[in-house]
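Dear colleague,

Please find below the structure that I am handing over to you, with its sequence. My notes on what was found in it follow directly after.

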Amino acid sequence: MSIFEKYGPRQVINGCGKMTVLGASAVAPEIADAMAKAAMDYVEIAELLPAAAGRFIAKITGAEDGCPTCGASAGIAIATAAVISGDNVDIIENLPDSNGLKNEIILQKGHAVNFGAKVTQMMKLGGGRPIEVGAANLVIPENIENAINEKTAALFYIKSHHAVQKGMVSIEAMITIAHEHDLPLIIDAAAEEDLHKYIAMGADAVIYSGGKAIEGPTSGFICGEKALCQACRLQYKGIGRPMKTGKESIVGLLTALGKYAVKTDNTDRQKNRMQQFLKELKDIPGSTGSIAQDEAGREIYRAKLVIDPVVTGINAINVAKKLEEGNPSIHTRNYYLGQGQIFVDPRSLLDGQEKIIAQKIKKILQQAKGNN
Ligand SMILES: *Cc1c(COP(=O)(O)O)cnc(C)c1O
């Protein structure tokens with residue numbers, strides 16, 4: 001029984017991956033333990049934020065400094081506020097009202113995405129005025145250059161599968177343009193795995209989610225240039241207050257970052273688990289299993305099941321539906337259901353859950369065959 005069932009929601013088996021709507025990550029016991037210890041104790045937040053958090057984030061990412069947040073979306077709002085206010089307390093206390101200030105944040109039209117909420121709305125929360133340039137499928141450097149004026153506060157780049165991947169101005173070009181105009185470049189790299197790359201390229205602030213690649217609790221952070229990170233932390237006396245990150249989240253985030261930095265390759269174990277999963281289903285006619293690498297080329301190996309509805313009497317869409325309807329509610333990776341393909345992601349499965357999914361699929365397919 002899951003802890004959530006006590007309050008109503010069904011237990012979830014997450015074979016989909018890291019999805020915010022399913023609670024992002026399930027943390028490792030040592031992270032949960034660190035969070036429990038932090039929750040049961042006291043600390044001066046004014047010491048925790050710059051010293052522990054700032055220095056630790058800097059050490060892990062190679063940036064000059066850092067600022068913990070309650071998520072990447074809060075990171076966008078806070079970084080936006082920081083580029084507008086700097087360390088000016090009166091501006092900090094008056095945001096998101098930024099009337100008369102340098103408040104324009106330039107982004108490419110193909111980057112004005114909705115990741116569950118709109119990225120431009122997060123900028124507005126921080127007092128930013130998003131300026132979308134170019135077209136949804138084509139932006140050239142000139143579009144960015146032409147939009148820069150005396151009200152520009154920063155350029156913004158989103159590195160994400162949500163964004164349009166073709167026809168956009170590259171990070172390198174964005175950094176060059178920003179720095180030629182003495183402007184900071186902010187990158188939203190919420191779900192990215194590489195914590196060094198964008199800082200090393202010269203980005204001024206890079207925003208990550210703590211609950212995605214890093215597998216930490218609901219949290220996030222900004223890393224980057226010192227004065228900018230200091231200005232980010234100052235926002236906790238302003239617009240950051242209603243999105244503050246607590247001591248237990250900060251300690252959970254730092255523990256997860258420490259663990260992530262020394263993470264060893266576990267792709268063999270992932271593949272192995274998925275092979276065991278497929279083995280359980282190999283004798284069922286009309287379902288063909290294989291191991292498939294992530295479409296984007298990341299080191300993720302998922303189980304791929306192709307369901308032939310003519311043989312099984314049920315199509316992949318309905319198999320996935322039945323999996324989700326049950327208790328536990330089983331979520332598979334369903335981006336290719338229309339093509340008859342169901343994927344299972346090993347990263348988000350707790351020990352032994354691949355067996356439960358295999359048994360349930362077997363049952364669904366056998367029942368369908370019986371009805372056929
Ligand atoms: C998930 C995501 C966010 C939001 O992150 P949270 O930590 O949930 O606030 C922002 N930007 C991108 C590109 C994302 O993928």
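**Findings**

At 27% relative accessibility, E215 counts as partly exposed, because this value lies between the limits of 20% for buried and 50% for exposed. Please keep in mind throughout that the model is predicted. E215 sits in the loop between β7 (205-209) and β8. Its phi is near 60°, a positive value in a residue other than glycine.

D182 is a further residue with a positive phi, of about 60°, although it is not a glycine. D182 comes just after α7, in the loop between α7 and β6. With a relative accessibility of 72%, D182 counts as exposed. These two residues are worth noting because most residues other than glycine have a negative phi, and most peptide bonds are trans.

The second half of that rule leads to the cis peptide bonds. One joins L95 and P96, with omega at about 10°. P96 belongs to the loop between α4 (89-94) and β3. Another cis peptide bond joins N327 and P328, where omega is about 0°. P328 is part of the loop between α13 and β11.

**The ligand**

Which residues surround the ligand? They are G71, A72, S73, F115, I158, S160, H162, D188, A190, S209 and K212. For three of these residues, distances between polar atoms can be given. In the side chain of S73, an N or O atom is 2.5 Å from an oxygen atom of the ligand. In D188, a polar side-chain atom lies 2.6 Å from a nitrogen atom of the ligand. In the side chain of K212, an N or O atom is 2.9 Å from an oxygen atom of the ligand. On its own, the ligand has 390 Å² of accessible area, and the protein covers 89% of this.

**Two helices with a buried side**

Helix α13 comprises residues 316-325, and its buried residues are A316, V319, A320 and L323. Why do these residues line one face of the helix? Seen down the axis of α13, they fall within an arc of 95°, so they line one face. The buried residues of α13 pack against three strands and a helix: β10 (301-307), β11 (329-332), β12 (341-344) and α14 (353-371).

Helix α7 (residues 171-180) can be described in a similar manner. Its residues I171, M174, I175, I177 and A178 are buried. They cover an arc of only 165° around the axis, so they are on the same side of α7. The elements that cover these buried residues include β3 (104-108), α6 (141-147), β5 (152-158), β6 (185-188) and α8 (197-201).

**A covered strand**

How many of the 5 residues of strand β2 (residues 65-69) are buried? The count is 5 of 5, and the strand is thus described as mostly covered. D65, C67 and T69 point one way from β2, while G66 and P68 point the other way, and all are buried. β2 pairs with strand β8 (residues 220-224) in the antiparallel sense, over 5 bridges. Within this pairing, T69 has G220 of β8 as its bridge partner.

**Three buried residues and their contacts**

The contacts listed here leave out residues up to four places away in sequence.

- S249 belongs to helix α10 (residues 247-261). Its relative accessibility is 15%, so S249 counts as buried. S249 touches M35, P217, T218 and S219.
- S287 is in strand β9 (residues 287-293). Its relative accessible area is 10%, so S287 is buried. S287 touches L281, L305, V306, I307, T312 and L365.
- F277 is in helix α11 (residues 267-280). Its relative accessibility is 1%, so F277 counts as buried. F277 touches A303, L305, V344, E354, I357, A358 and I361.

Where does F277 lie with respect to D188? The two residues are 89 residues apart along the chain, and their C-alpha atoms are separated by 35 Å. D188 is one of the residues that surround the ligand.

With kind regards

How values were computed. Residues numbered from 1 in each chain as written. Predicted model: local features only at pLDDT ≥ 70, side-chain atom pairs only at ≥ 80, totals over all residues. Heavy atoms only, no water. Buried < 20%, exposed > 50% of the residue type's maximum accessible area, 1.4 Å probe, protein only. Helix = DSSP H or I, 4+ residues; strand = E, 2+ residues; numbered from the N terminus. Arc of directions from axis to C-beta. Contact = heavy atoms within 4.5 Å. Near = heavy atom within 4 Å. Polar contact = N/O pair within 3.5 Å; in protein donor to acceptor, adjacent residues only side chain to side chain. Areas by Shrake-Rupley, 256 points an atom, 1.4 Å probe, with all protein chains shown as cover. Pairing = 2+ DSSP bridges.
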